[in-house]
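Please read the following note with the structure open beside it, and look up each residue as it comes up.

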Amino acid sequence: MSKVVSIVLIFAVALGFADAILRLDNESELREAQAALFNVNSESGWLLLNYVGPSTVHFAAGGEGGAEDVVAHLEDDQIQYILIREGGIQEKGTSKTTIRDVFIAWIGPNVGFIEKGKKTAFLGDAESMLQPFHASITALNRDNFNDENIIDRSHPLSGSHVID
């Protein structure tokens, strides 16, 4: 865990945000989209959750594409949660390809320190809403938000699980 994330978590606990629960205001729509986009026949897809209140998220968008489709929905002043399916990943040393579902916490560059502390307390709840997935990463830079970096940073042996 990075030093900044650790400090933000300590800040969140100190302010009492750690006891709060994240709510999803349109769960049926999320589950319907998740079933359609993340099934045994799909090799790509994504879902996006946006905050609509201090402790409420909303399934805002989804699609069959990849990271390039998600970038258009990233907001510089928001924390958002994404589930993305990366398909056709070549397993090293074999001719076998695999699929990886990745949870991404997007933290826009204009999100304030206090807001980061408040919302970081909800990270586990957001992850639970978008399970199952193979890896969890954080994205801080839209210019580097692409399929190649998501695949690299989500690898279990990646030195960093942050796209910056």
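The points below take two residues in turn and then the nonpolar cores.

1. This is a predicted model, in which local features need pLDDT of at least 70 and side-chain atom pairs count only at pLDDT 80 or more, while totals for chains, interfaces and linings use all residues. Residues are numbered from 1 along each chain as its sequence is written, and side-chain values use heavy atoms, with hydrogens and water left out.

2. Asp147 belongs to helix α6 (residues 147-153), where a helix is a DSSP run of H or I with at least four residues, a strand is a run of E with at least two, and both are numbered from the N terminus. Asp147 counts as partly exposed because its relative accessibility is 23%; buried means under 20% relative accessible area, exposed over 50%, and partly exposed in between (1.4 Å probe, protein chains only).

3. Although Asp147 and Ile84 are 63 residues apart in sequence, their C-alpha atoms are 9.5 Å apart in space. Beyond its neighbours within four places in sequence, Asp147 is in contact (heavy atoms within 4.5 Å) with residues including Ile84 and Glu86, and its side chain reaches the backbone nitrogen of Ala67 at 3.0 Å.

4. Asn50, in strand β2 (residues 45-53), counts as buried because its relative accessibility is 15%. Setting aside residues up to four places away in sequence, Asn50 touches Thr56, Val57, His58, Ala60, Glu75 and Gln80.

5. The largest nonpolar core (buried Ala, Val, Leu, Ile, Met, Phe, Trp, Tyr and Cys residues joined through side-chain atoms within 4.5 Å) has 22 residues, of which Leu22, Leu47, Leu49, Val57, Tyr81 and Leu130 touch the most other members. A second, separate core of 17 residues includes Ala61, Ile82, Ile137 and Ile150.

Definitions and conventions
A polar contact is a pair of N or O atoms within 3.5 Å; within protein, one must be able to donate a hydrogen and the other to accept it, and residues adjacent in sequence count only if both atoms are side-chain atoms.
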